[in-house]
Amino acid sequence: MTEQNRASVAHPYRSVTVIGAGSWGTALAAVLARAGRSVTIWGRNEDAAHEINTHCRNSKYLPDIDLPPMRATTDLADALKGAEAVLVVTPSRTLRDMCARIAPHVDPAAPVALCAKGIETGTGLLMSEVAAEELRGNPIGAISGPTFAAETAMAHPTAATVAFPFTYHDRLAPHESPAARLAVSLGSATFRPYLSDDLTGVEIGGAVKNVIAIACGMMMGAGFAENTRAALISMGIEEMKALAEALGGRRETVTGLTGTGDLTLTCSSTTSRNMSLGMQLGQGIARDKCFDGRPVVVEGEVNAVSIVQLADRIGLPMPICRVVHAILHDGADLRGTFADFWSRPIQAEPRAMEISLDHPFGTAAEPALPELDKDIA
Ligand SMILES: NC(=O)C1=CN([C@@H]2O[C@H](COP(=O)(O)OP(=O)(O)OC[C@H]3O[C@@H](n4cnc5c(N)ncnc54)[C@H](OP(=O)(O)O)[C@@H]3O)[C@@H](O)[C@H]2O)C=CC1
Ligand SMILES: O=C(CO)COP(=O)(O)O
């Protein structure tokens, strides 16, 4: 090993606290514990904490999965005592409140990695901007990627990106940066972290892909198939790139794990709650009957609102997100809205060429999208 190689060995954080004992929080805690870290997981449910401590199980969120040993508690101060790094893994709408609650207990030097995928409704702030308003100067980053919780918890080979902005790398040698130290804290033979300094690009991919997956599910549920899925994924990547760039992120970040990778995963399987909600709505199931009436975290449903608000504010078209918003929140008809979407003016690909052609079928009497016999489709 050369001197240069030796100098770039990063030291993992010894003790890491995970805030949120739902499916993704528990899966990430399992990743950290398998990688040899001392892990404490905080959740608000006493029974769930007891089950993790005594049976190494979280049967509500990850049924039938054996977890490695970790310590669970419902006491926030206790959970954060001595934590060298913190992962916050509750849904995006709870992020501000959770950060305000952890702020008095967390060492300001400890990096805080945000794992929720979303944008705050009303403010249009990224999760990292919300956290910066509530924490006491902690380095703030994100962990994101194509990572279904159950597969991750079962140690299926998984890759994800650990992103912290360059300002935190600037004052440190690269191997001492929070991104590098968190990456080695998580990394194992089955969990492969990548590093990024484009936090904005990473956060935008994670937030927008859920809305696109709802659109994809709606079209699949309505009976359309693989051509439609591939088109929506490609168009969705363009929406993600445009928003990332407008907010100062990099377009190429969107082509990586946290954009294209996560969008592809989410649009490909009903393991995804976002895809699954779209499918059920596309099949004509009423919203309150979806998931058999159970409350389920569907980030794209909430974030269709915040993303369209943000797109309005900065003047971006984001047509797929607007379709989803119109159907979910304005009561627009699903088939009619998609028919209009599919017969928009013809554009160039990539968008660098400015052209917009009236659609030749715009005045046709026939509906633009055929009615399908779903048994055959
Ligand atoms: N599941 C996955 O595959 C992945 C999820 N994510 C992201 O992780 C985030 C969390 O999702 P996920 O873990 O799947 O969701 P789950 O529904 O599985 O779990 C949500 C967790 O948050 C807790 N919670 C909900 N509301 C509050 C609140 N107000 N205060 C404190 N705790 C609260 C719940 O507690 P209780 O049980 O008591 O209600 C539960 O422990 C989302 O943004 C999601 O997009 C990212 C990658 C993968
Ligand atoms: O973000 C996820 C996978 O990367 C989980 O997707 P869902 O929230 O749609 O289940």
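Let's start at G22. G22 is partly exposed, because 19 other C-beta atoms lie within 10 Å, and buried would take 20 or more. Keep in mind that this is a predicted model. G22 sits in the loop between strand 1, residues 15–19, and helix 2.

Why start there? Because of ligand 1. G22 is one of the closest residues to ligand 1, along with S23, W24, A116 and A149. In total, 24 residues surround that ligand. Sorted by class, the shell has ten nonpolar, eleven polar and three charged residues.

Which element gives the most to this shell? Helix 2, residues 23–34, with three residues.

There is a record to set beside this. An unreviewed UniProt entry carries a "binding site" annotation on G20, A21, G22, S23, W24, G25, A149 and R273. G22, S23, W24 and A149 from that annotation are also listed among the closest residues to ligand 1.

Now helix 2 itself. Its geometry checks out. At 1.5 Å a residue, twelve residues should span 16 Å, and the end C-alpha atoms are 16 Å apart, so the two agree. Is helix 2 enclosed or open? Eleven of its twelve residues are buried, so helix 2 is largely enclosed by the rest of the structure. The buried set runs S23, W24, G25, T26, A27, L28, A29, A30, V31, L32 and A33.

A27 has a partner worth a look. A150 is 123 residues away from A27 along the chain, yet their C-alpha atoms are separated by 7.0 Å. A150 belongs to helix 7, residues 149–153. A150 counts as partly exposed, because it has 17 C-beta neighbours inside 10 Å.

On to ligand 2. How many residues surround it? The count is 13, and the closest are T147, D262, S272, R273 and N274. The class split is four nonpolar, five polar and four charged.

Where does this shell come from? Helix 10, helix 13 (257–267) and helix 14 (273–282) each supply at least two residues. Helix 13 has the largest share, three residues. Look at it by domain as well. Domain 1, 3–197, and domain 2, 201–357, each put in at least three residues. Both domains therefore contribute to the shell around ligand 2.

UniProt has a second "binding site" annotation, again from an unreviewed entry. It covers K117, G145, T147, K209, D262, S272, R273 and N274. T147, D262, S272, R273 and N274 from that annotation are the residues listed as closest to ligand 2. R273 appears in this annotation and in the earlier one too.

Take K117 from that list. K117 is in the loop between strand 5 (112–114) and helix 6 (127–134). Buried or exposed? K117 is buried, because 26 other C-beta atoms lie within 10 Å and the cut-off is 20 or more.

K209 is also on the list, and that takes us to helix 10. Helix 10 bends by about 25° at K209. What does the end-to-end span look like? Helix 10 covers residues 199–221, and its 23 residues should span 33 Å at 1.5 Å a residue; the end C-alpha atoms are 33 Å apart, so that agrees. Burial next. All of it counts: 23 of the 23 residues are buried, so helix 10 is largely enclosed by the rest of the structure. After the helix comes G223, with a positive phi near 110°.

Helix 10 lies at the start of a stretch with a record of its own. The unreviewed UniProt entry places "domain: Glycerol-3-phosphate dehydrogenase NAD-dependent C-terminal" at residues 198–335. That span is 71% helix and 0% strand. Its end C-alpha atoms lie 37 Å apart.

Two more residues, then I'm done.

First, R287. R287 lies in the loop between helix 14 and helix 15 (299–314). It counts as exposed, because it has 11 C-beta neighbours inside 10 Å and the limit is 12 or fewer. From R287 to Y13 is 274 residues in sequence and 43 Å in space, C-alpha to C-alpha.

Second, V184, in helix 9, residues 178–186. V184 is partly exposed, with 17 other C-beta atoms within 10 Å. G141 is 43 residues from V184 along the chain, and their C-alpha atoms are separated by 15 Å.

Definitions and conventions: Residues are numbered from 1 along each chain as its sequence is written. Chains are lettered from A and ligands numbered from 1 in the order in which they are written. This is a predicted model: local features need pLDDT of at least 70, side-chain atom pairs count only at pLDDT 80 or more; totals for chains, interfaces and linings use all residues. Helices (H or I, at least four residues) and strands (E, at least two) are DSSP runs, numbered from the N terminus. The expected span of a helix is 1.5 Å times one less than its number of residues. The bend at a residue is the angle between axes fitted to the seven residues ending there and the seven starting there. A residue is near a molecule or strand if its C-beta atom, placed from the backbone, lies within 6 Å of it. Ala, Val, Leu, Ile, Met, Phe, Trp, Tyr, Cys and Pro count as nonpolar, Asp, Glu, Lys and Arg as charged, and the others, Gly among them, as polar. Domain bounds come from an automatic or database domain assignment. UniProt positions are given in the numbering used here, feature names are shortened, and annotations may be inferred rather than shown by experiment.
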